[in-house]
Number of protein chains: 2
Amino acid sequence: MANTRTGMGLQLRSLLKQEGILELSLASVATPQPGADEVIVRIDASPLNPSDMGLLFAAADMTTAEASGTAASPVVTAKVAPAVMTAMAGRVGESLPVGNEGAGVVIEAGASPAAQALLGKTVAILGGAMYSQYRWIQAAQCLVLPPGTTAAEGASCFVNPLTVLGMVGTMRLEGHKALVHTAAASNLGQMLVKLCLEDGVGLVNIVRKQEHVDLLKKIGATHVCNSTSPTFREDLVEALVATGATLAFDAIGGGRLGGQILAAMEVAANRTAKEYSRYGSTVYKQLYIYGGLDRSQTEFNRNFGMTWGIGGWLLLPFIKKIGVEAAQKLRERVAAEIKTTFASRYTREVSLAEALQLKEIAVYGKQATGEKYLINPNKGLL
Amino acid sequence: MANTRTGMGLQLRSLLKQEGILELSLASVATPQPGADEVIVRIDASPLNPSDMGLLFAAADMTTAEASGTAASPVVTAKVAPAVMTAMAGRVGESLPVGNEGAGVVIEAGASPAAQALLGKTVAILGGAMYSQYRWIQAAQCLVLPPGTTAAEGASCFVNPLTVLGMVGTMRLEGHKALVHTAAASNLGQMLVKLCLEDGVGLVNIVRKQEHVDLLKKIGATHVCNSTSPTFREDLVEALVATGATLAFDAIGGGRLGGQILAAMEVAANRTAKEYSRYGSTVYKQLYIYGGLDRSQTEFNRNFGMTWGIGGWLLLPFIKKIGVEAAQKLRERVAAEIKTTFASRYTREVSLAEALQLKEIAVYGKQATGEKYLINPNKGLL
């Protein structure tokens, strides 16, 4: 063994009970001995991404959250509405580990040369259950970080970086020439700004606050539209005309913004149309909803002709579509640029137990732009 | 000349004026001499399809309609809301002919053998401006109706028949195995029921009234769900499980039905799922909106995972996609089955002048299921 460990480790769990109660707690789980091609990673950093919070909170009403247990082994319970329970039927009664991605040090390795080569290396991994002290994983799934990279710096190598690369990749695959992005001042949004600048891709950023306009302009964004501005629609049309963007990625989901984007794309398309078409422009306009920051219903007026599509977008189907080799190239690009293009910022680092404190949940659970937490599952435990 | 005509003919026109007024009237237009490959068709029957009414009424508020002019040359005016004017900017000031499809007798033909062969034949044609006494058209665009077929029987050879064939064709192209259809008791809906029965395609029909359930059951429909029934959601899920339908064509557009269909598809898909997936089922669910019977906004809750799409659907892009040869085969099938699978029913036949009477507009403008008008542009004029 490369490190002192008891063979047991803490793991954060999310359990949705039949009676409509969400229970968050820490379980003590055994870390298996790695097989020949496997390694054990001591997780030192794992981000709390919006995609993690869906699994973590099970759409519970966190205003009803109550704390119990002890400081070292806290328990949080909250109520889940009956309508939500139907949608969540598949996970009821199963105590689920959480955490899509993370980074840490390989402390044990199987007998194969590939596994042995990783011993002591700082690696980034993807695959769930990262809010754990120790994570058993295939050696081939480890992305070795460049020397001098900390686990905290490498914690977010997959979800956000591959998502922004997936957005630009989808744009190319589906024949669009520029992008629109909402909630654009997020960590992911800032990454997309940097990637589009680097790759020369036109990008229209939509935010809700002047400070976010300023933030994105400062990192080099050309087009930033404030949806709370009285000139928002005109600003958006101008930016769409300037970039030719006909593909939007929407992190918000609920409300009217998605439809407004499609309507503005239609106005932009008709600017250059030569004759009236009763079914609207023949320019294909696509909106992909990849997040659900606003859980309210999606509403739109269909005032954008007939040549449009709205759909869900997920990273994994995109990765499958491009194939193993192309995906590996994307991962290598992320590792090489993890301190520049794909750098993430966190406002706070917490332990597993701290992540289950109500005062912390109240902050990171809001998913406010600029607030991003990093879990260090071994904080205070080593 | 094969027939006595003055060289002039009446043509119904729709004009949207800058000041927000829609004006419907009859113009007298010259019929050109046909070129070598062209013919003149005396239009004896042309349906008032929902897709025609979009162009005809320009989304005007027809409760404000006023009549003027004379009985032989009526004029109808109505107000158009400012918001609509923006969407219609491309057609403002242009006096547009209306009528997608029709049928009639070839009364003049150019010198080419193909054109001459059509003289005296009853043909069906597509291409706009069919609410005209005479229509100049390429000989190659004429679909010759089987002997013994009247113009009224052949008036609707394209829009509805090719649309239902396009729905089944899209289902096959995009890898779905059965269909859902809304407003399913319409002329088009009944045609789809007959086509799916003939082709052995599973079909879930959604209607709003018990009498429409009865009507569709009578013509052989297996699955008919009444959206006003208290057991609608359960009924729909059962029908989706039974058919495996993951593709829906929606004629309504506005409201919540489209989202309910996707949600029911998700429930049906999860019935057979083996483990919980946080992003919902991986079964792709598609809703195509091909009409706008309900002009209100579209609303949905996104309670159907991430593997879904909503989009506009139009016949012409489908026809282009399958290519000339495949499209010609579809047309020939329609002609061969125009009195059976693709038969249409009309509640009333009107002249061009009658089509502009307020009392008639009040009936056909409602687009109520079971009410369908046929225009005979030469009624009372020959």
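Biologist: How many salt bridges does the rule find across the interface of chain A and chain B?

Modeller: The rule finds 0 salt bridges between chain A and chain B. Keep in mind that this is a predicted model. For the count, a Lys or Arg side-chain nitrogen has to lie within 4 Å of an Asp or Glu carboxyl oxygen.

Biologist: And how many residue pairs are in polar contact across that interface?

Modeller: There are 17 such pairs, with both residues at pLDDT 80 or more. Looking at chain A's side, the elements that give two or more residues are α1 (50–57), β15 (253–255), β17 (294–300) and β18 (308–312). Of these, β17(A) gives the most, with 7 residues.

Biologist: What area do the two chains bury between them?

Modeller: About 2900 Å², of which 56% is on carbon and sulfur atoms. Chain A brings 34 residues to the contact, and chain B brings 34 residues.

Biologist: Let's turn to a helix. How far does α8 of chain B reach from its first C-alpha to its last?

Modeller: A helix can be checked against an expected rise of 1.5 Å a residue. Helix α8(B), residues 232–243, has 12 residues and reaches 16 Å, close to the 16 Å expected.

Biologist: Which residues of α8(B) are buried?

Modeller: Phe232(B), Leu236(B), Val237(B), Ala239(B), Leu240(B) and Thr243(B). They sit on the same side of α8(B), because they cover an arc of only 165° around the axis.

Biologist: What covers those buried residues?

Modeller: The cover includes β11 (178–182), β12 (202–207), β13 (223–226) and α9 (257–271), again of chain B.

Biologist: Which residue follows α8(B)?

Modeller: Gly244(B) follows, and its phi is positive, near 75°.

Methods: Residues numbered from 1 in each chain as written. Chains lettered and ligands numbered in written order. Predicted model: local features only at pLDDT ≥ 70, side-chain atom pairs only at ≥ 80, totals over all residues. Heavy atoms only, no water. Helix = DSSP H or I, 4+ residues; strand = E, 2+ residues; numbered from the N terminus. Expected span 1.5 Å × (residues − 1). Buried < 20%, exposed > 50% of the residue type's maximum accessible area, 1.4 Å probe, protein only. Arc of directions from axis to C-beta. Contact = heavy atoms within 4.5 Å. Buried area = accessible area lost by both parts, 1.4 Å probe. Polar contact = N/O pair within 3.5 Å; in protein donor to acceptor, adjacent residues only side chain to side chain.
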